Amino acid sequence: MAFTRMLRCLSRSFTTVSSISPRVCIVGSGPAGFYTADKILKAHEGAQVDIIDRLPTPFGLVRSGVAPDHPETKTVTNQFSRIVQNGRCSFLGNVSLGSSISLSELRGLYDVVVLCYGAESDRALGIPGEALAGIYSAREFVWWYNGHPDCRNLAPDLKNTDTAVVVGQGNVALDVARVLLRSTSELAKTDIASHALAALEESSIRKVYVVGRRGPVQASFTAKELREILGIKNLYIHIEEADLHKTPADEEVLKNNRINRRIHELLSKAATSAAPFPTLGQRELHFVFFRKPERFSESDARPGHVAGVNFERTIIREDVGSGKQVAVGTGQFDDLECGLILKSIGYKSVCVEGLPFDPRNGIVPNIRGRVLSDSTGDLTEVEKGLYVCGWLKRGPTGIIATNLYCAEETVASISEDIKKGILPSTSDPSSKPGREGLLQLLDSKNSTVIPFEGWQKIDAEEKRRGCLKNKPREKLTSWQELFEVARK
Ligand code: NAP
């Protein structure tokens with residue numbers, strides 16, 4: 001109810017249509033990019049918006065991040081497709097900021113550049129053994145099963161081990177654990193990449209440990225996603241009941257936080273109702289709390305390959321400075337043998353040349369979406385005409401709808417700046433060439449642009465191939481195949 005009211009307010013605030021005609025380039029065609037485009041188009045009836053993406057396919061995380069067994073989440077692409085089909089908006093795929101075009105070139109061509117390219121890298125644990133084979137970031141694994149062309153050849157070995165450890169306890173951790181544990185006959189009906197389905201069909205993995213450095217009260221996943229994994233058919237679930245013991249500080253947190261309380265209840269119910277032992281061959285999901293990874297060990301039998309993780313047990317203490325509940329090592333260690341590790345400890349944004357960047361927080365320094373010139377100084381200088389939205393603006397947290405509010409804020413800043421005359425408009429003789437100039441420049445560099453019509457060909461072909469296999473789509477996963485189909 002409150003959400004519907006909020007949406008109504010948001011749309012009301014965008015009925016003010018300005019006649020100024022800025023040329024806008026949005027970098028990144030995920031949810032942040034599309035919501036930004038939508039709001040700019042609605043706020044400025046003369047605006048021309050181009051969305052560029054380094055991939056030939058649009059939709060960012062909706063295509064390559066959302067789990068294949070969450071098709072309802074992907075229906076948002078219908079809304080995004082309608083946005084790009086607005087006569088004033090275009091999608092230009094295979095245009096990579098930093099290689100096809102530099103940031104300064106782009107800024108020279110457009111009045112407004114909004115960076116929405118998300119987080120395409122990973123946080124590191126920084127512990128010994130992290131480079132061993134068999135250790136992947138969850139992002140790579142997700143890209144692999146979602147058919148992202150950069151990870152189609154990842155080929156994680158799921159055959160020579162029966163145990164996987166997922167480090168981290170957010171929703172991405174639950175996604176990867178679920179994909180490893182779910183029956184492949186169910187996955188076969190989704191848009192999972194065929195190479196991943198084939199590997200999962202042959203997988204020997206029976207046990208998945210989802211390990212957190214803090215306790216069940218501090219876990220990052222949400223109740224809906226937890227309920228879903230706990231509900232997988234014929235799954236043995238193990239949670240140490242002692243880990244569910246609540247300290248007075250935990251009681252305080254749970255009293256004030258309905259979501260955490262629900263998670264604790266779900267975990268407690270799962271712990272008490274679980275069978276004492278798994279049946280023969282039954283798949284197992286273990287939630288392990290209060291363990292912080294210390295080092296990865298190398299296999300003797302397979303030199304260079306991971307054989308397990310050494311964890312330090314932790315307790316939770318309040319950090320005096322921040323007031324946050326943090327994990328503190330106890331000096332007690334234990335080992336967990338496994339042949340596959342998925343580090344699900346958060347995504348990280350990457351910087352491009354000429355872009356102010358805060359490496360500690362992995363974001364572009366900004367105030368309400370306006371990019372700040374310097375992340376070390378007093379942060380008051382803004383980069384005229386340069387904005388940011390999504391994970392690059394606020395860090396890698398939040399669901400798709402979070403970007404709606406994030407875009408609302410960034411576009412409000414853009415509109416304010418246009419109103420104040422800080423940015424040029426097409427009625428201004430100094431106006432910038434926009435799309436025409438971009439296409440000319442890319443042409444001069446022999447860059448191949450894939451327009452939205454190219455994506456529509458890919459989409460149709462994927463759906464056609466999917467139909468033959470009784471799945472929503474069979475993703476094209478190689479750059480070459482994507483180009484061939486898009487350019488037919
Ligand atoms: P996340 O929710 O931030 O979780 C990261 C996890 O990694 C936390 O458990 C964190 O523990 C742990 N971690 C971080 N640094 C660590 C370290 N050095 N050692 C050990 N553990 C460490 O991130 P995410 O799972 O990548 O998800 C990103 C966002 O996407 C979230 O907002 C999520 O809700 C959203 N998402 C939503 C869905 C969905 O709605 N179905 C699906 C996928 C993702 P601490 O808490 O102790 O830091």
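How far apart should the ends of the 18-residue helix α15 (residues 402–419) be at 1.5 Å a residue, and what does the model show? The expected span is 26 Å, and the end C-alpha atoms of α15 are 26 Å apart, which agrees. Here the expected span of a helix is 1.5 Å times one less than its number of residues. The structure is a predicted model, in which local features need pLDDT of at least 70 and side-chain atom pairs count only at pLDDT 80 or more, while totals for chains, interfaces and linings use all residues. Residues are numbered from 1 along each chain as its sequence is written, and side-chain values use heavy atoms, with hydrogens and water left out.

It helps to begin with the whole chain. The protein chain contains 18 helices and 19 strands; these are DSSP runs numbered from the N terminus, with helices being H or I of at least four residues and strands E of at least two. Its radius of gyration is 24 Å, close to the 23 Å that the globule rule gives for 488 residues, so the chain is as compact as a globular protein of that length. The radius is taken over C-alpha atoms, and the globule rule is 2.2 Å times the number of residues to the power 0.38. Along the principal axes, the C-alpha trace spans about 75 × 55 × 45 Å.

Of the 488 residues, 53% count as buried, a term that stands for under 20% relative accessible area, with exposed meaning over 50% and partly exposed in between (1.4 Å probe, protein chains only). The chain exposes about 22,300 Å², of which carbon and sulfur atoms supply 51%; accessible areas come from the Shrake-Rupley method with a 1.4 Å probe, and for residues only the protein chains shown count as cover. Contact means heavy atoms within 4.5 Å, and among contacts between residues at least 6 apart in sequence, 74% join residues at least 24 apart. As for charge, there are 63 positive and 59 negative side chains, and the centres of the two sets lie 5 Å apart. Lys and Arg count as positive and Asp and Glu as negative, with His and the chain ends not counted; the place of a charge is NZ of Lys, CZ of Arg, CG of Asp or CD of Glu.

Returning to α15, its buried residues include Leu-404, Cys-406, Val-411, Ile-414 and Ile-418, along with Glu-408 and Asp-417. This helix is followed by Gly-421, whose phi is positive, near 80°.

Helix α17 (residues 452–468) offers a second example. Its 17 residues reach 25 Å from the first C-alpha to the last, close to the 24 Å expected at 1.5 Å a residue. The buried residues of α17 are Phe-452, Gly-454, Trp-455, Ile-458, Asp-459, Glu-461, Glu-462 and Gly-466. Their cover includes α3 (60–64), α5 (76–84), β3 (89–93), β19 (450–451) and α18 (479–486). Within this helix, Trp-455 counts as buried at 3% relative accessibility. Leaving aside neighbours within four places in sequence, Trp-455 is in contact with Pro-56, Thr-57, Pro-58, Phe-59, Arg-63, Ile-450, Glu-462 and Arg-473. Just after α17, Asn-470 takes a positive phi of about 60°.

Strand β3 holds Leu-92, which is buried at 6% relative accessibility. Not counting residues up to four places away in sequence, Leu-92 touches Asp-50, Ile-51, Ile-52, Asp-53, Leu-438, Leu-439, Val-449 and Ile-450. In the loop between β3 and α6 (103–109) lies Asn-94, with a positive phi of about 65° although it is not a glycine. Most residues other than glycine have a negative phi. Another such case is Asn-446, with a positive phi of about 55°, in the loop between α16 (435–444) and β19. Asn-94 counts as buried at 19% relative accessibility, whereas Asn-446 counts as exposed at 69%.

Finally, helix α7 (residues 138–145) is mostly covered, with seven of its eight residues buried. These are Ala-138, Arg-139, Phe-141, Val-142, Trp-143, Trp-144 and Tyr-145. Just after α7, Gly-147 has a positive phi of about 75°. Ala-196, in helix α10 (residues 194–201), is in contact with Trp-144 and Tyr-145, leaving aside its neighbours within four places in sequence. Ala-196 is buried, with a relative accessible area of 0%.
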